[in-house]
Amino acid sequence: MLRRLVLDVLKPHRPSNVDLATEISKLKGVDGVTIVTYNKETEVESVRIIIEGRRLEFKNIEKILRNLGASVQSVDAVSAGRKIVSEK
């Protein structure tokens, strides 16, 4: 079972990060979402999305992102199992 995902995502300026985080947080099994913008261009922005929960479903998260015009560029970190293991 997936517990934590860190995704590098390319998205249009609309929807806002607030709206995107709200939509992801509505998914079953999601406990929290953090979105950080690290690059803005004319039409799009690159964001890092950190999602934590009890049973994350990557396919459902990816579907929400696609439906809102965003695309996953890479999966930068994954945590699975009964607890999240820190890399420190």
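This report describes the sheet, a cis peptide bond, the ring contacts and the largest pocket of a predicted model.

## The sheet

Strands of a sheet pair through backbone hydrogen bonds, either parallel or antiparallel. In this model, 4 strands form an open sheet with antiparallel pairing, and their order across the sheet is β2-β3-β1-β4. The edge strands, each pairing on one side only, are β2 and β4. From one strand to the next, the twist averages 15°.

In a regular strand the side chains alternate between the two faces of the sheet.

## Pairing of β3 with β1 and β2

Strand β3 covers residues 44–56 and is joined to β1 by 10 bridges, with the two strands running antiparallel. One position along this pairing is Leu 2, which stands opposite Leu 56 in β3.

Strand β2 covers residues 30–40; 9 bridges join β2 to β3, and this pair also runs antiparallel. The connection between β2 and β3 is a hairpin of 3 residues. Several bridge partners can be followed along the two strands. Val 30 has Gly 53 as its bridge partner in β3. Thr 34 is partnered by Ile 50 in β3, and Thr 37 by Val 47 in β3.

## A cis peptide bond after β1

Which kind of peptide bond joins Arg 14 and Pro 15? The bond is cis, with omega at about 10°. Pro 15 belongs to the loop between β1 and α1, the latter being residues 17–25.

## Contacts with rings

The charged end of Arg 48 sits over the ring of Tyr 38, at 5.1 Å from the centre of that ring. Tyr 38 falls within the residue range of β2, and Arg 48 within that of β3. As for contacts between rings, the count of aromatic pairs is 0.

## The largest pocket

Rolling a probe the size of a water molecule over the atoms shows where empty space is left. The largest pocket holds about 160 Å³ of space. Two elements give two or more residues to the lining of this pocket: β1, residues 2–12, and β4, residues 71–80. Of the elements, β4 gives the most, with 3 residues.

Which residues line the largest pocket? The lining consists of Arg 4, Val 6, Ala 77, Val 78, Ser 79, Ile 84, Val 85, Ser 86 and Glu 87. By class, 5 of the lining residues are nonpolar, 2 are polar and 2 are charged. Arg 4 and Val 6 lie in the range of β1, while Ala 77, Val 78 and Ser 79 lie in the range of β4. In the sheet order, β1 and β4 stand side by side, and β4 is one of the edge strands.

Conventions:
Residues are numbered from 1 along each chain as its sequence is written. This is a predicted model: local features need pLDDT of at least 70, side-chain atom pairs count only at pLDDT 80 or more; totals for chains, interfaces and linings use all residues. Side-chain values use heavy atoms; hydrogens and water are left out. On a 1 Å grid over the protein atoms alone, a cavity is a set of points where a 1.4 Å probe fits but cannot get out, and a pocket is an open set with protein on both sides within 12 Å along at least five of seven lines; lining residues have an atom within 4 Å of a point. Grid points are joined across faces, edges and corners, and a volume is the space filled by probe spheres set on the points. Ala, Val, Leu, Ile, Met, Phe, Trp, Tyr, Cys and Pro count as nonpolar, Asp, Glu, Lys and Arg as charged, and the others, Gly among them, as polar. Rings of Phe, Tyr and Trp (its six-membered ring) pair if their centres lie within 6.5 Å; planes under 30 degrees apart count as stacked, over 60 as edge-to-face and the rest as tilted. A charge sits over a ring if NZ of Lys or CZ of Arg is within 6 Å of the ring centre and within 35 degrees of the ring normal. Two strands pair if DSSP finds at least two bridges between them. Axes are lines fitted to C-alpha atoms, for helices over the stretch in contact, and angles run from 0 to 180 degrees between N-to-C directions.
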